[in-house]
Amino acid sequence: MKVKKLRWIIIGLIFIATVINYIDRSALSIMWGNENVEGSISQSLGLTKNDYSLILNIFMVAYALGQLFSGKLFDKVGTRMGYVISIGIWGLSSFFHSMARGVFSLSFLRTTLGLSEAGNWPGAVKSNAEWFPIKERAIAQGLFNAGASIGSVIAPLLIATLFVAFGWRVTFMVIGSFGLLWIIPWLLINKAGPKKHPWITEEEQKYILEGQSLADQNATEDTKGKSLKEILSHRESWAVVIGRFFLEPIWWLFVGWMPIYLFDVYNFNVKEVGMFLWVPYVGAAIGSIAGGYVSGKIIAKTNSIDKGRKTTILIGGVIMLLGLVATVLAGDTAEKFVAIVFFVLFGFQFAISNVQTLPSDFFSGKSVGSLAGLGGMIGVFSVIIMNFLVPIVVEKISYTPVFIAIAVFVPLGVGAIYYFARKIESVEK
């Protein structure tokens, strides 16, 4: 049996995994509430905002370490089994949130969730490097990243509905089952890479392999990946590491704290959060696909990966910066705030799909997951610092200094990519 456009089916499965990933990770913040929200996690377990900050950062530490370890895991066992291990553990972790009794049990479960969910990102970058020619990688990464946004669109409505009907414990059971069921079609369809998959057509196989770099074409399962020291000896690798250090907090501020912001500033309940929270992620989903599309068009027109990636990253950075300034100057109502964040997250995803593609632009084979994982880990460490500071700053001042700080991060992140990656191309020549 031969299947046309098999690469798009593979990225479609990874898209669905990413939707599940964000539903699982969003559930805690959406159902957390506060002491005034009846039946919420914080009220039923007697937990505070400081407890939330602690649990959130425990997740982020685990997520940071998971980025690094899972990058090595995917390079070692391959994307097929790497995803089975990753999503299997995070599905079980999400399910067992239903049995949490307090800070300790929630912290343990967020640790296992963070370690395993992290694998989705280096796994996707590696899979896209295997299954797509260079000119299509940004759009493939954009579709994958759109899963994060679509998951964030679905999560508030789905979780709020389940919460109102069944409570938070049953909600965790339901959403935790999604990932475990996903493993079945993944194993049935993703039998091997494009060089050996029995279902791939000769035409598609030729299109994929001829559109990759020489290093990618020559890589085999026995090709040894570079060590982190060797990877970091290349100036271009620092564009990924430092760029993600400054850019990642922009996304994670809204993922982790926007529900709490709506609870605190506008006195929302869980149902109202569900009605508002999904809107900005529509912008993120559009930005994911648009950023990949624009980058691919520029590359096709100019035959320059460098121009395609950098132009798209710059445009996304400008949109992010303008939006973050607007949150300080004009976000005085819930409707205005949500509309502004729509554009901030559009700009972020417009740029980040291309940032996340950089490891496969610079390296091939078993080095791609390692650099992607390292960049993700460093990015998450900056998020951890932010999460410690947010409740302190909010309690003493307001959310305004937080928005100003991440606005400053935008030119620093984009500037680092331009500075360290003088020309975006393979370093393996």
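1. Leu 181, Ile 184 and Leu 188 of helix H7 are exposed, meaning over 50% relative accessible area with a 1.4 Å probe, protein chains only. Helices here are DSSP runs of H or I, at least four residues, numbered from the N terminus. The other side of H7 reads differently: Trp 168, Thr 171, Phe 172, Ile 175, Gly 176, Gly 179, Trp 182, Ile 183 and Trp 186 are buried (under 20%). These buried residues fall within an arc of 145° seen down the axis, so they line one face of H7. The arc is taken from the directions from the helix axis to the C-beta atoms.

2. This is a predicted model: local features need pLDDT of at least 70, side-chain atom pairs count only at pLDDT 80 or more, and totals for chains, interfaces and linings use all residues. Residues are numbered from 1 along each chain as its sequence is written, and side-chain values use heavy atoms, without hydrogens and water.

3. Cover for the buried residues of H7 includes helix H1 (6-32), helix H2 (41-45), helix H3 (49-96) and H6.

4. H6 runs over residues 134-166. Its end C-alpha atoms are 46 Å apart, close to the expected 48 Å (1.5 Å times one less than the number of residues). H6 has a kink of about 35° at Ala 155, shortly before Pro 156. The bend is the angle between axes fitted to the seven residues ending there and the seven starting there. Gly 167 follows H6, with a positive phi near 90°.

5. Trp 251 touches residues including Tyr 22, Ala 148, Tyr 281 and Phe 348 (heavy atoms within 4.5 Å).

Conventions. Helices (H or I, at least four residues) and strands (E, at least two) are DSSP runs, numbered from the N terminus. Lists of a residue's contacts leave out its neighbours within four places in sequence.
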